[in-house]
Amino acid sequence: MFVGRLIAVSLFALLQESFPPASCKKLENKSGKHFDVEELFRGRIEAPNKTHILDTIFKGYDKRIRPHYREKPVLVSLYAAVDSFHDIKEEEMEYKVELILKENWKDPRLAYGNASWFVRLKGDTLAKVWYPDTLIENSRKHVVDDKTRTAFLFGDGTIFLSEWIKATLTSHMEFHRYPMDAQTLRLQIAAYSYDDTQVRYEWSKLSLKERDMTEFYVHEQSLRLESSAFITGAHTAAVAEFQIRRRLQHYIMGFYLPCITCTCCSWIQFWMAVDEIGDRAGLGIATVLTEIFLLEFSSYGMPKVSYVKAAELYVVVSFAFIFSALVESAVVYKASAIILKGNTEDGKKNNDQDQCSSVGGKKSRNKVFTTSVDSTRICKVSNIDFSSCNEAVDQSTDCIVGSKPVWENEPPTEDPCAASSRSLGSMIDHGSRFAFPLIYISFTIVYFALV
């Protein structure tokens, strides 16, 4: 039953890793509007008079003032194309990401007429345009490649800004269920100096190029908006969350199976002889040291958290079973020695009493032997009938032969004291053969069912 349960869990983990989810949750914009980059560029061409447009639109334009100043907030639509996640450091609760962040908003002051035209802006020309001070709030360090920062200005004043970002982000992680845990990687984007009355963000689309990693795979992703109140006003952040799951094949083959095998090996002591305490102790100590090594392996690379992780719990319980098996061997040996000592003392007392009671019988036998010898001599001297003398000698001989101890004529038998002590140890070992595996299998089933 236990082997079948373990095989089922292993197959489920292998299937999850071999066939990760092909689709994620459908991403909806809470404002009800959906911005598609392909639709934005569909049917539009580059403006033929680009120089004249650039010389005209920046006359009287002040990039220090946002669009719709004192009228309404600027609505910024976000499109993020995540290339990959890598270097997930659980001990520091951070990860690295490379993405293309695209922003879309409208500035009526830069409209130049034909909505089907667009002008590409880069470098110094882009620096003349107002754009929101977008910030990745949970970033420890991020680098924007200025060579990739490009904006497209459409004839109706719509601006589409694209840039390549490499960032190191932080994300809170929980390790209660490690290594069967699921972590959430956050990408939180908001304006640095504008509140919701000036600039508001909304998600348009999120795409993920690579879903598989060495140790993890992306299970699902979602988009939402989070509002926070500060002294300067309310700020709404656009949050993208990626739920990642750990691949279990490595931990099943390199952690759980060795742990289970080590625990089962410690039960071999129950089939060994009671008096072989050296061999039983050697086996128990070897399994204890192996379990301590597995405990160190489960904690390697993990943060020093104040709670017990699932892997540590399993190792600790397995260690308790191994140590209990070692203690059981010591208890069996000690109990057998005490019973053997008590039975030996009782046997000595009984032997002393038997020796005391046998002294009188020995004297009587000597007396008979002497009498028989004397009668033989008398028969020789006084010419008495030898047949009667021989009969007396035969009777005396029968007495002597009958006085021999029984054990001199029979094969040796086992000491009943040692037999009773070994019988008690065997009873304890026999009960442990069933109790230890039954309790351990029950714990393992409950562990994998709940974790």
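Cys 259 is a good place to start in this predicted model: the residue is buried, with a relative accessible area of 0%. Might a cysteine so enclosed have a bonding partner? Its closest cysteine sulfur belongs to Cys 262, and at 7.1 Å that sulfur is too far away for a bond. Cys 262 is buried as well, with a relative accessible area of 7%. From Cys 262, the closest cysteine sulfur is that of Cys 265, at 6.6 Å, again too far for a bond. A disulfide calls for two cysteine sulfur atoms within 2.5 Å, so neither of these separations qualifies. The wider picture agrees, since a search of the whole structure finds 0 disulfides.

Let us move to Thr 263, which lies in helix H5, residues 249-266. Thr 263 counts as buried, at 0% relative accessibility. Which residues does Thr 263 touch, leaving aside those up to four places away in sequence? The contacts are Glu 291, Ser 318, Phe 321, Ile 322 and Tyr 440. If you have the structure open, these five names make a handy selection around the side of H5 where Thr 263 sits.

Helix H6, residues 277-299, and helix H7, residues 310-381, come next, because a salt bridge ties them together. The side chains of Arg 280 and Glu 328 meet at 3.3 Å, N to O. This pair links distant parts of the chain, with Arg 280 in H6 and Glu 328 in H7, 48 residues apart. Are the two partners buried or exposed? Arg 280 counts as buried at 0% relative accessibility, and Glu 328 counts as buried at 8%. Both values are under the 20% cut-off, so this salt bridge joins two buried residues.Another salt bridge makes a useful contrast. The side chains of Glu 46 and Arg 120 meet at 3.9 Å, N to O. Here too the pair links distant parts of the chain: Glu 46 belongs to strand E1, residues 45-46, and Arg 120 to strand E4, 74 residues apart. Glu 46 is partly exposed, with a relative accessible area of 39%, and Arg 120 is also partly exposed, at 34%. In total, the model holds 18 salt bridges. Some of them join up: Glu 90, Asp 181, Glu 215 and Arg 246 are linked in a network of salt bridges.

Strand E4 leads us on to helix H3, as E4 (117-121) is among the elements that cover the buried residues of H3. Which residues of H3 are buried? In this helix, which spans residues 50-57, they are Ile 53, Leu 54 and Ile 57. Looking down the axis of H3, you will find these buried residues within an arc of 95°, so they line one face of the helix. The spacing fits a familiar pattern. An α-helix has 3.6 residues a turn, so residues three or four places apart point the same way. The other side of H3 carries Thr 51 and His 52, which are exposed. Besides E4, the cover over the buried residues includes helix H4 (123-126) and strand E6 (139-154).

Now for a sheet. Four strands form an open sheet in the order E5-E8-E11-E10, with antiparallel pairing. Which strands lie at the edges? They are strand E5 (134-136) and strand E10 (216-230), each of which pairs on one side only. From one strand to the next, the twist averages 20°.

Strand E10 deserves a closer look. Its partner is strand E11, residues 233-246, and the two pair in the antiparallel sense over 14 bridges. To follow one of these bridges in your viewer, start from Ser 227, whose bridge partner in E11 is Thr 236. A salt bridge can be picked out with Arg 224 and Glu 226, whose side chains meet at 2.5 Å, N to O. Arg 224 counts as partly exposed, at 28% relative accessibility.

Tyr 217 is also in strand E10, but this residue counts as buried, at 2% relative accessibility. How far apart are Tyr 217 and Phe 85 in sequence and in space? They are 132 residues apart in sequence and 9.8 Å apart in space, C-alpha to C-alpha.

Notes
Residues are numbered from 1 along each chain as its sequence is written. This is a predicted model: local features need pLDDT of at least 70, side-chain atom pairs count only at pLDDT 80 or more; totals for chains, interfaces and linings use all residues. Side-chain values use heavy atoms; hydrogens and water are left out. Buried means under 20% relative accessible area, exposed over 50%, partly exposed in between (1.4 Å probe, protein chains only). The arc is that of the directions from the helix axis to the C-beta atoms. Contact means heavy atoms within 4.5 Å. Two strands pair if DSSP finds at least two bridges between them. Axes are lines fitted to C-alpha atoms, for helices over the stretch in contact, and angles run from 0 to 180 degrees between N-to-C directions. A salt bridge is a side-chain nitrogen of Lys or Arg within 4 Å of a carboxyl oxygen of Asp or Glu.
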